[in-house]
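Open the model in a viewer and keep the sequence panel in sight. The stops below go from the whole chain to one sheet, and then to one residue.

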Amino acid sequence: MKTGLFGRLNRRVGGWLLAVGLGLGLGGQALASDCAAALGAGARTVTTPELSVAWLPEPSPIPRDRHFAIRLRVCSPQAWVLTKVDADMPAHRHGMNYRAALQPAGPGLWRAEGLMFHMSGRWRLLLDVQLEGRRLRLTDELDLK
Ligand SMILES: [Cu+2]
């Protein structure tokens, strides 16, 4: 069991290092910025070697203690599907008090509704994607005032 866990962690770390390397390259930046541009000003992007996910909260910036939605776009040559949007506060070891509802909103587009960040501090957005049985979790962190 332990070797399996460490194996997965090692692969994840390797993937992140590769993602950082690509992100520094012009190609990775172009892919990420194209992906975000389609969502509008203020969109953020999470990039891995295989895909980018751009996301834009509505309203933006994210309000504290109020429901908000997120428009998301998955950019990849492959047909990755967004399967779940969630968030937590790693430093506090808790998640949201609400479960986000996720709906397709066009080719490569999704909309998550019903999120709420109920306190100030560092939140981590959790984006689960799937491609033919392979699953990846992408994360993005932001500070909420
Ligand atoms: Cu907290």
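**The whole chain**

Start with everything shown as a cartoon: the protein chain has two helices and nine strands. This is a predicted model. Colour the cartoon from the N terminus on and the elements run α-α-β-β-β-β-β-β-β-β-β. Next, colour by burial; of the 145 residues in the protein chain, 22% are buried. If you draw contacts with a separation of 6 or more, 47% of them link residues 24 or more positions apart.

**The open sheet**

Now hide the rest and keep four strands, which form an open sheet in the order β5-β4-β8-β9 with antiparallel pairing. Its edge strands are β5, residues 94-95, and β9, residues 134-144, and each of these pairs on one side only.

Cross the sheet from the β5 edge.

- Select 81-89, which is strand β4; two bridges join it to β5, and the two strands run antiparallel. Show M89 as sticks and look across to H94 in β5, which stands opposite.
- Add 121-131, strand β8, which pairs with β4 in the antiparallel sense over seven bridges. Here the pair to display is D88 and, opposite it in β8, R124.
- Add β9, which is joined to β8 by 11 bridges and runs antiparallel to it. L126 and T139 in β9 stand opposite one another.

Where do β8 and β9 form a hairpin, and what is in the turn? Go to the two residues between these strands: E132 is in the turn and has a positive phi of about 45°.

**A closer look at H94**

Return to the β5 edge strand and centre the view on H94, which is found in β5. Is H94 buried or exposed? Count the C-beta atoms around it: there are 11 neighbours inside 10 Å, so H94 counts as exposed, the cut-off for exposed being 12 or fewer.

Then display the contacts of H94. Leaving out residues up to four places away in sequence, H94 touches D88 and M89. M89 is the residue that stands opposite H94, while D88 stands opposite R124 in β8.

As a last selection, take H94 together with W123 and draw the distance between their C-alpha atoms. The separation is 9.9 Å, for two residues 29 apart along the chain.

Notes
Residues are numbered from 1 along each chain as its sequence is written. This is a predicted model: local features need pLDDT of at least 70, side-chain atom pairs count only at pLDDT 80 or more; totals for chains, interfaces and linings use all residues. A residue is buried if 20 or more other C-beta atoms lie within 10 Å of its own, exposed if 12 or fewer, and partly exposed in between; C-beta atoms are placed from the backbone. Two residues are in contact if their C-beta atoms, placed from the backbone, lie within 7 Å. Two strands pair if DSSP finds at least two bridges between them.
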